[in-house]
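Got the viewer open? Let's take a walk through this one, a chain at a time, with a selection at each stop.

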Amino acid sequence: MTASPQSVAPAGPPSGARPGTGRPQSLLARERRFGYLLIAPLIIVLLLITAYPLGYNIWNSFHHVDYLLPPLGSFAGLSNYSKLFTDHEFLPALVHTLGFTAVSVTVETVIGLSLALALNKPFRGRGIVRAAIFIPWAVPTVVSAELWRTMFDPQQGFVNFILTKLHLPLASTTWLDSTWTAWAAILIADAWRNTPFVAIVLLAGLQVIPSDIYEAARIDGANAWQQFRRLTLPLLKPALMVALIFRTLQSFLIFDVVYIMTGGGPGTSTNVLAYLNYHAFFYLFDYGYGGAVSVALVVVALVIATAYRRVFRTDEVMA
Amino acid sequence: MTVWPGRTRIRAFAALTAGGLLVAGLAACGSSTSTSTSSQVPLSAKQTIVFATQGLGTEGQATTNAVAAFEKLHPNIKVSILSLSPTSDVAEQQLEHYFIAGSSTPDVVTTDVTWPATFARSGWIADLSAKKPDTSSFFAGQMATGEYNGGVYAIPWFINAEGLYYRTDLVKTAPTSISQLVSDAKSALATDKSLKEGLAFEGDEYEGSVTAWQSFGAQIGISHLNNIDTPANVAALNFMYDAIHVYGISPSAVTGWQESNVQAAWLAGQTPFALNWPYIYALSESTTNGKPTYPAVYGKTAWVPFPSPTPQSSLGGDDLAVNAKSTHQAAAYALIQYLTSVTAQDARAVFAGDPPSVQAAYNAGLYKAAPYFLNEKAVYSVVTPRPVTPVYPSISSQLQAMISSVLSGQSTASAALSSTGPTVQQLYATGTSS
């Protein structure tokens with residue numbers, strides 16, 4: 001334990017290395033050392049729960065760690081990574097995940113923004129409506145996914161029941177059994193659960209916009225669209241960015257809805273990266289390949305986060 | 001966001017690295033201690049062993065009863081039951097987590113017939129050959145599922161096989177060909193309007209779809225893995241597709257059905273044919289307070305091998321194995337011996353409908369208590385195991401995805417088999433190479 005604070009603060013020696021510079025520096029060094037000592041427990045805990053698993057995972061990804069095919073631990077070079085590009089599972093899953101992320105985030109943002117705009121207007125019973133809209137977000141994803149799976153059941157499900165009653169087409173669809181209807185079902189379940197989150201964040205953003213600027217705009221003759229385009233949207237940008245970053249990363253890491261509703265099926269047509277990763281770890285117990293998938297996931301997620309940060313930054317410069 | 005001055009940044013990095021080394025060091029210490037050898041607790045000592053098993057309802061109760069009887073015979077041994085998930089795939093994952101963590105408990109584990117090869121290959125379950133189990137007392141097909149590389153790693157507990165149930169009031173005689181089955185199903189559907197489908201089977205993307213495919217005639221035994229792209233396999237896969245999309249005797253909903261859905265459809269009396277395991281027979285013939293529990297099927301149930309050109313039924317069932325790291329090997333094996341005794345097997349068969357794995361348990365006493373076991377023999381006589389190989393999980397997930405893609409119309413049977421065949425062959429090779 002004591003080893004780390006000492007090695008943390010190589011600032012100690014300088015006082016001896018540079019004699020003559022006097023007390024102030026060594027006092028600073030001592031304070032600094034004390035500071036490191038104070039944050040050392042936190043850093044150790046952080047290392048234990050994030051850096052160590054991450055490092056271990058990277059190590060796994062370069063080794064043969066297939067628990068169902070021991071011996072374990074022989075160096076595997078890049079073979080786990082090259083498997084990503086040759087196994088006909090990773091690349092389709094990557095495409096599915098990116099496509100789903102793009103569509104779901106767009107849909108959820110558009111609906112969430114409309115909801116937030118509506119809820120920002122004063123009307124009778126607004127408090128109740130606001131509370132009601134946030135209920136889906138308070139339901140655990142596993143529960144909501146199970147609910148939607150039951151609703152999409154072709155024989156006992158509510159969706160086909162209501163379509164039949166209303167004499168609408170698609171009433172005999174086996175929703176989870178063909179690629180596009182399965183994706184539609186997943187998208188609906190995901191949007192139902194997550195649109196409220198977007199709405200909450202955007203509503204908070206809307207509420208800090210002062211109302212007097214709209215008055216000024218009206219006096220200048222701006223119509224509703226111009227007000228939205230020139231005032232609301234630019235001022236909402238910070239909140240919009242927060243909502244987008246959160247939703248994009250969560251959507252990119254989608255797991256529970258797919259796990260429960262389709263298991264990646266039919267075939268592998270709704271397989272997504274997080275599900276593929278789970279399957280590699282907890283069904284095939286191949287920690288080497290699973291590690292490679294995890295690393296790929298982290299890399300793509302970092303790319304997305306960095307891209308958003310870029311957008312965020314240029315925005316700050318402009319403002 | 002504050003930007004750290006360069007030097008502080010380097011120091012912080014040094015701190016992170018040092019901490020990382022420390023953590024890695026701790027981890028190394030932790031893993032080196034777990035390999036120490038353990039001393040065995042003798043059979044006569046007072047001890048508690050952990051028995052990991054699946055089973056809900058009557059099956060769970062039957063296990064509790066058997067354990068109580070065992071504890072009476074061995075007053076010094078207490079057995080604590082660890083309930084595994086009723087979903088087979090999840091139960092397997094739970095056990096694998098215990099094994100990978102190097103846990104010495106559970107001492108006795110229930111394993112599906114497809115797991116022992118994998119567990120044995122990884123050194124997780126003990127070789128029981130030294131205890132000289134009487135391997136000839138079991139059905140040979142199931143005994144083979146517990147053998148690996150010349151060792152005996154798992155002992156059959158109860159046998160299971162998948163066969164075709166038919167309603168004797170709707171179908172006069174058992175169909176002897178697939179075309180007859182289809183026409184029987186169609187005419188039953190035409191005459192009895194209360195029927196919702198002609199044939200119920202499990203088509204969801206899970207292990208059950210593989211056993212269904214095998215029961216419909218697919219040949220995927222160990223000797224076929226080098227080439228599964230055969231006419232028999234294409235025909236069996238085509239039948240699954242045709243039943244839904246061409247003959248219209250199975251609803252498209254079967255693509256999401258598991259055993260429990262097939263069970264519900266059968267017991268409700270909404271189908272003249274259903275592919276399922278023997279526990280349905282016991283349920284169909286069960287009574288509550290002297291009255292049939294499921295009047296729609298009571299006394300109208302018959303069970304035969306599926307009438308493919310060479311009838312075969314997929315072998316299921318559970319085996320028992322001992323954790324290789326257990327310190328209670330003797331007591332663990334004693335429990336297995338008790339559970340596979342004729343007395344315990346007959347008690348479980350009558351109580352829960354689980355067919356005995358021991359041949360001698362099929363005796364006059366059993367037939368008197370549960371006559372339907374006589375009729376089940378035809379199905380057990382044609383059991384065919386799924387391949388006994390440590391890479392079965394990978395092979396199965398390929399087959400599941402293949403079947404699902406065919407049933408949903410994304411691929412034709414022959415195209416799906418010709419693309420999955422080489423992958424399966426390759427996987428099988430990795431399982432035998434080292």
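Start by selecting chain A. A compact globule of 319 residues would come in near 20 Å for its radius of gyration, but chain A has 26 Å. Keep in mind as you go that this is a predicted model. Turn chain A along its principal axes and its C-alpha atoms fill a box of roughly 90 × 70 × 30 Å.

Next, switch to cartoon. You'll find 15 helices and two strands in chain A. Of the 319 residues here, 30% are buried. If you like contact maps, take the contacts in chain A between residues at least 6 apart in sequence: 68% of them join residues at least 24 apart.

Now colour chain A by domain. Select 3-52 for domain 1 and 85-318 for domain 2, following the domain assignment. How many Å separate the centres of these two domains of chain A? Over C-alpha atoms, the answer is 45 Å.

Time to move over to chain B. Both of its domains are assigned in two segments: pick 47-160 + 316-380 for domain 1, and 163-276 + 391-433 for domain 2. The centres of these domains of chain B are 28 Å apart, again over C-alpha atoms. Where they touch, domain 1 of chain B puts in seven residues and domain 2 of chain B puts in six.

Stay on the domain 1 side of that contact and highlight helix H3 (88-100) and helix H4 (116-121) of chain B. Each of these helices supplies at least two of the residues touching domain 2 of chain B. Colour this side by class and you get two nonpolar, four polar and one charged residues.

Next stop, the cores. The largest nonpolar core has 124 residues, and B:Leu237 and B:Leu335 are the ones with the most contacts inside it. Where does this core sit relative to the two domains of chain B? It lies between them, because domain 1 (47-160 + 316-380) and domain 2 (163-276 + 391-433) of chain B both give residues to it.

Zoom in on B:Leu237 and show its surroundings. Skipping neighbours within four places in sequence, B:Leu237 is in contact with B:Trp213, B:Ile403, B:Val406, B:Ala413 and B:Leu417.

For the last selection, hop back to chain A. Apart from the 124-residue core lies another core, this one of 25 residues. Its members include A:Ala145, A:Val258, A:Ala274 and A:Ala280. As a parting thought, nonpolar side chains in soluble globular proteins tend to be buried together.

Technical notes. Residues are numbered from 1 along each chain as its sequence is written. Chains are lettered from A and ligands numbered from 1 in the order in which they are written. This is a predicted model: local features need pLDDT of at least 70, side-chain atom pairs count only at pLDDT 80 or more; totals for chains, interfaces and linings use all residues. Domain bounds come from an automatic or database domain assignment. A nonpolar core is a set of buried Ala, Val, Leu, Ile, Met, Phe, Trp, Tyr and Cys residues joined through C-beta atoms within 7 Å. A residue is buried if 20 or more other C-beta atoms lie within 10 Å of its own, exposed if 12 or fewer, and partly exposed in between; C-beta atoms are placed from the backbone. Two residues are in contact if their C-beta atoms, placed from the backbone, lie within 7 Å. Helices (H or I, at least four residues) and strands (E, at least two) are DSSP runs, numbered from the N terminus. The radius of gyration is taken over C-alpha atoms; the globule rule is 2.2 Å times the number of residues to the power 0.38. Ala, Val, Leu, Ile, Met, Phe, Trp, Tyr, Cys and Pro count as nonpolar, Asp, Glu, Lys and Arg as charged, and the others, Gly among them, as polar.
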